Amino acid sequence: MDPRHLNRLKEEQQKAIYETKERIKQCESFKSDYKALQNRLKTLPDSVNHDIMVPFGKLAFMPGKIVHTNEVMVLLGDNWFAERSAKQAAEIAGRRMKELDKKVKELNDQMRLLEPRLGFTSDLQTELQGKEDVREIREEFDEEQERLWNDRHRESVKRQKEQERLKAAATGTTPMAQKVEGSSLSDEQLWARLDQLERQEAERAEMDSDEWKEEEEEDNSSRKKKKNDENMRRVSFADENHPKTLGLQMSQNDDDEEEEDDDLSEGTDSDDDDDDEEGSDADGEEEDSDCKTKRRTIFFSHTKTPAVSQSGRGEAVEINSPSDIYKLFQPPSILKKSPARERWNESSGSASVSVRGGSIPEDSTMTSHTVDTATHIPSIASSAQKAFSGQIVERQTQDTQHHTGQTHGAEPQRRVSKFRAKRMGQSDPS
Amino acid sequence: MAEGMQKRLQGELEKFQNVQKDVGKHVNLRQQLEGQLSENTLVKEELDRLEEGAGVYKMIGPALIKQDLGEAKQTVQKRIDYINGELKRHENLIKELEKKADNHRETLNKLQHQFQQAQVKAAAKS
């Protein structure tokens with residue numbers, strides 16, 4: 001801030017304040033004039049004649065008389081005059097005074113605006129001069145310099161990380177301890193780490209649900225270890241040239257002994273593939289591709305968990321798609337247990353189950369069919385439990401629908417709505 | 001080369017100053033008009049308060065000439081309308097002139113810039 005500029009600013013502000021003050025003064029004088037006029041007008045009609053000294057030109061007076069004491073010619077403005085009585089003229093004067101009052105108020109408001117401005121400039125000035133305790137800190141901002149600094153900073157951070165990693169490799173301390181050392185994590189990485197941990201929490205919560213309890217008991221130990229190792233994940237991609245940001249770990253580990261993974265920014269990516277925390281299968285997924293030479297690879301390994309079922313069959317362990325996984329390992333269904341489904345699952349065996357969306361065949365002849373192998377829709381027997389069977393059924397046919405291949409009594413007790421019960425009661429009083 | 005630049009600079013500067021003068025003139029006129037407008041509005045108000053038959057006089061030169069109240073009111077109203085029209089016209093003029101002034105200012109700046117650069121180069125060469 002140039003002190004000369006400040007001075008100039010101060011001058012202008014002071015001028016503005018001075019002008020406003022002048023205008024206020026003028027208005028006040030007008031007001032007092034009008035007041036005097038009003039008084040005079042009040043006294044004028046007191047008598048019929050007044051003896052006065054009449055002004056003659058610029059420099060002379062002459063004694064004379066005011067005769068029409070009540071007749072006053074009022075200048076309205078713009079060369080217009082109006083003849084009014086003294087009282088009316090007094091009223092006009094009063095109105096003009098009110099206008100002036102308004103003007104004075106406006107000017108005062110203006111003053112209130114201008115004065116603080118002057119105060120600020122003065123304060124700024126004193127600050128600059130350093131007379132007070134307040135000091136101004138100035139830093140030159142040069143874009144070029146900033147950019148250079150940023151690059152250098154990034155490089156030095158990378159170097160630091162490298163060093164730490166090497167140190168970790170050399171000493172082989174526990175991951176947790178090293179985590180503490182890794183205080184060179186940048187903000188981004190911290191957030192990524194937090195996200196990762198959150199996801200792990202969620203997964204752990206999922207795992208705690210009923211369906212997984214058995215498996216958890218089985219490989220509790222391995223899972224515990226796994227939980228410990230969740231901090232470091234290794235994911236390997238079929239495409240080894242998959243670029244990863246921020247230099248990943250390249251050392252490979254067949255055992256579950258994991259090393260620290262400093263660069264957690266890829267944690268977000270690797271976690272997307274970590275859904276197989278669900279212990280289904282280890283042999284399928286473990287691709288220990290040998291990529292020691294390639295820098296950017298993530299390796300992914302599981303603890304060996306016993307395959308759930310039939311993988312010992314003569315089927316090829318070839319897995320090309322998620323459906324293959326399903327076929328091979330058949331994880332417990334995530335769908336709600338319902339009698340229909342259970343029946344269906346039993347009868348369908350190990351065939352691949354593909355459910356044909358929501359399309360349900362119209363003809364009711366399907367009701368008696370049992371399930372074939374492979375891809376066939378379950379019988380309409382379950383229509384009683386479905387919300388809408390796709391056909392409009394008369395009441396009478398309710399019976400036929402119930403007596404299908406499966407026995408109705410074999411069905412476990414199922415909650416039936418009152419209305420259905422009533423209907424059923426009406427048609428079949430049992 | 002430098003002289004040419006200088007001449008151009010001078011020319012631009014003059015044009016710019018002319019435009020600025022015009023702007024200033026019109027602003028003054030406008031202010032005057034505004035004052036007249038407020039005055040005439042006051043007159044109109046007072047005339048409205050006058051009862052019928054009261055004497056209204058117009059000062060023409062050194063003499064006061066009696067006017068009819070209705071006529072006076074109409075005249076004043078017409079004057080007010082006229083002043084409003086003039087005011088708007090002047091405002092438009094002012095806006096245009098200001099735009100022109102801005103353009104001139106920009107060209108002036110550019111020329112100045114170039115001029116300075118040329119000078120620097122010349123100084124570097126010699």
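**Figure 1. Strands β3 and β4 of chain A form an antiparallel hairpin in this predicted model.** Strand β3(A), residues 71-77, runs antiparallel to β4(A), and 6 bridges join the two strands. One of the bridge pairs brings together A:G77 and its partner A:W80 in β4(A). Between the strands of this hairpin lie 2 residues, and A:D78 adopts a positive phi near 55°.

**Figure 2. Strands β1 and β2 of chain A also run antiparallel.** Strand β1(A) covers residues 50-56 and strand β2(A) covers residues 60-66, with 7 bridges joining them. Within this pairing, A:M53 has A:P63 of β2(A) as its bridge partner. The hairpin has 3 residues between its strands, and A:G57 takes a positive phi near 70°. Of the elements of chain A, β2(A) has the highest confidence, at a mean pLDDT of 93.

**Figure 3. A strand of chain A pairs with a strand of chain B.** Strand β4(A), residues 80-85, and β1(B) are antiparallel and share 3 bridges. In this pairing A:W80 has B:K58 in β1(B) as its bridge partner. The residue A:W80 is also the bridge partner of A:G77. Strand β4(A) is thus joined to β3(A) by 6 bridges and to β1(B) by 3 bridges.

**Figure 4. The contact between the chains draws on 20 residues of chain B and 13 residues of chain A.** The area buried between the two chains is about 1700 Å², and carbon and sulfur atoms give 58% of this area. Three residues, B:E46, B:Y57 and B:M59, supply 30% of the area that chain B buries against chain A, more than any other three residues.

**Figure 5. Salt bridges and polar contacts cross the interface.** The rule finds 3 salt bridges between chain B and chain A, out of a count of 17 over all chains. In one of them, the side chains of B:E46 and A:R95 meet with N and O 2.6 Å apart. This pair links helix α1 of chain B, which holds B:E46, to helix α2 of chain A (residues 86-129), which holds A:R95. Another salt bridge joins B:E51 to A:R84, with the closest N and O atoms 2.8 Å apart. Side chains of opposite charge can pair when their charged atoms come close. Polar contact is found for 7 residue pairs across the interface, with both residues at pLDDT 80 or more. On the side of chain B that touches chain A, two or more residues come from each of α1 (2-49), β1 (56-60), β2 (63-67) and α2 (69-125) of chain B. The largest share, 6 residues, belongs to α1(B). By type, the residues on this side of chain B are 10 nonpolar, 4 polar and 6 charged.

**Figure 6. Confidence in the prediction varies along chain A.** Chain A averages a pLDDT of 70, and 54% of its residues score at least 70. The lowest mean among its elements, 42, is that of helix α8 (residues 267-272). Over residues 240-292 of chain A the pLDDT is below 50, although this stretch has 138 contacts in the model beyond near neighbours in sequence. Residues 349-383 of chain A also stay under 50, with 40 contacts beyond four places in sequence. For chain B, the mean pLDDT is 88, and 98% of the residues reach 70 or more. For the complex, the predictor gives an ipTM of 0.76 and a pTM of 0.44.

Terms used. Residues are numbered from 1 along each chain as its sequence is written. Chains are lettered from A and ligands numbered from 1 in the order in which they are written. Side-chain values use heavy atoms; hydrogens and water are left out. Contact means heavy atoms within 4.5 Å. Buried area is the accessible area (1.4 Å probe) that two parts lose on being put together, summed over both. A salt bridge is a side-chain nitrogen of Lys or Arg within 4 Å of a carboxyl oxygen of Asp or Glu. A polar contact is a pair of N or O atoms within 3.5 Å; within protein, one must be able to donate a hydrogen and the other to accept it, and residues adjacent in sequence count only if both atoms are side-chain atoms. Helices (H or I, at least four residues) and strands (E, at least two) are DSSP runs, numbered from the N terminus. Ala, Val, Leu, Ile, Met, Phe, Trp, Tyr, Cys and Pro count as nonpolar, Asp, Glu, Lys and Arg as charged, and the others, Gly among them, as polar. Two strands pair if DSSP finds at least two bridges between them. pLDDT is the predictor's confidence in each residue, from 0 to 100.
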